[in-house]
Amino acid sequence: MTLKDQAFLVGGVGPGLGSAVVSLLASEGASVTAVARGPKALEPIRSHAERRGWKVAVATADVLKQADVDRVVREALERYGRLDGVSVNAGLWHGGESLLHTITDEEWSSTIRANLEPTYRLARATMPHFIAGGGGSFAIVSAALAIRAAGSAAYHIAKGGLVDVVPRLARDYRPWGIRVNAVLPGSMAPQTGGLDPPSVEDRVPLTELTPTGPWEVARVIRYLLSPDSRWVTGTLVTVDGGLSTGGAETPPG
């Protein structure tokens, strides 16, 4: 199934996963609004999309500020006339001290806010439109258990909060046909290695997925956003090449 006539918003676009999600969606015909805090992060995907003839609009916004989020959602709706799905990629890795009582107020507050609040802000801005439109897909990026455990207690709590809230949101919004799911990546490479989605022949073998490739995670997000997964909600999908089954993994950072 192609994504022609579908419109998506991707929050938290950078050189890794966010750009992979935008490229994958746009390469299949979707109209995509790519959101990042500053224009520098958006310029590579903007220029690449222009060369490829993809329908990608870029927007700068701080996804921790409701006014910014409301503005980019409003602009996306005005531009494309619809919104079928949202991918929440924004977050912040925080390693450092793992003992809860030694974390400073600033480390605690900034880590909790950076990892939890984008979901709230984007949901607050987009759920009313999904309700009015008869449905939509909301995909959250958390982290695999090994990654959550490798971070500080604040990071673990924040990313674990996203994991815990998914079934609740899926239940709450199901009456309006809105689906909510989360992807739990392992440690990811910080770059996509190019902005054209790799073909099947170019994909890295499962035994070599350390760290996890952004494209592998992006393909799962694409599935969860698309009509292909119309019967999937409240699901947590771990994408770490099987390392959560017992292999060792190096945390990001």
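Is W176 buried, exposed or partly exposed? With a relative accessible area of 40%, W176 is partly exposed. The legends below describe a predicted model, and this residue returns in Figure 4.

**Figure 1. Overall fold of the protein chain, a succession of seven helices and seven strands.** Starting at the N terminus, the elements follow one another in the order β-α-β-α-β-α-β-α-β-α-α-β-α-β. The radius of gyration is 17 Å, close to the 18 Å given by the globule rule for 253 residues, so the chain is as compact as a globular protein of that length. The C-alpha trace spans about 50 × 40 × 35 Å along its principal axes. Of the 253 residues, 51% are buried. Among contacts between residues at least 6 apart in sequence, 73% join residues at least 24 apart. The accessible surface comes to about 11,700 Å², and carbon and sulfur atoms account for 54% of that area.

**Figure 2. The largest nonpolar core, with 33 residues.** In soluble globular proteins, nonpolar side chains tend to be buried together. Within this core, the residues that touch the most other members are V13, V22, L25, V32, V56 and I221. Two or more residues are contributed by each of β1 (7-11), α1 (17-27), β2 (31-36), α2 (39-52), β5 (136-141) and α7 (214-225). A second core, separate from this one, has 29 residues, including V35, V63, L83 and L169.

**Figure 3. Surroundings of V32, and the ring of Y80.** Apart from neighbours within four places in sequence, V32 is in contact with F8, V10, V22, L25, A26, K55, V56, A57 and Y80. V22, L25 and V56 are thus among the contacts of V32, and these three residues are also listed with V32 among the core members that touch the most others. The ring of Y80 has a charged group over it: the charged end of R79 sits 5.7 Å from the ring centre.

**Figure 4. The two aromatic pairs found in a search of the whole structure.** In one pair, the ring centres of W93 and Y155 are 4.8 Å apart and the planes stand at 70 degrees, so the arrangement is edge-to-face. W93 belongs to the loop between β4 (85-88) and α4 (105-133), whereas Y155 belongs to helix α6 (residues 153-173), so this pair ties together parts that are 62 residues apart in sequence. W93 counts as partly exposed, at 28% relative accessibility, while Y155 counts as buried, at 5%. In the other pair, the rings of Y173 and W176 have centres 6.2 Å apart and planes at 50 degrees, so the pair is tilted. Y173 is partly exposed, with a relative accessible area of 21%, and W176 is partly exposed as well, at 40%.

**Figure 5. N115, a buried residue of helix α4.** The relative accessible area of N115 is 1%. Neighbours within four places in sequence aside, N115 is in contact with G91, L92, Y155, A158, K159 and L162. One of these contacts, Y155, is the partner of W93 in the edge-to-face pair.

**Figure 6. H101, an exposed residue in the loop between β4 and α4.** H101 has a relative accessibility of 69% and therefore counts as exposed. From H101 to G85 the separation is 16 residues in sequence and 39 Å in space, taken C-alpha to C-alpha. The loop that holds H101 is also the location of W93.

Note on methods
Residues numbered from 1 in each chain as written. Predicted model: local features only at pLDDT ≥ 70, side-chain atom pairs only at ≥ 80, totals over all residues. Heavy atoms only, no water. Core = buried A, V, L, I, M, F, W, Y, C linked by side-chain atoms within 4.5 Å. Buried < 20%, exposed > 50% of the residue type's maximum accessible area, 1.4 Å probe, protein only. Helix = DSSP H or I, 4+ residues; strand = E, 2+ residues; numbered from the N terminus. Contact = heavy atoms within 4.5 Å. Phe/Tyr/Trp six-rings, centres within 6.5 Å; stacked < 30°, edge-to-face > 60°. Lys NZ or Arg CZ within 6 Å of the ring centre and 35° of its normal. Rg over C-alpha atoms; globule rule 2.2 N^0.38 Å. Areas by Shrake-Rupley, 256 points an atom, 1.4 Å probe, with all protein chains shown as cover.
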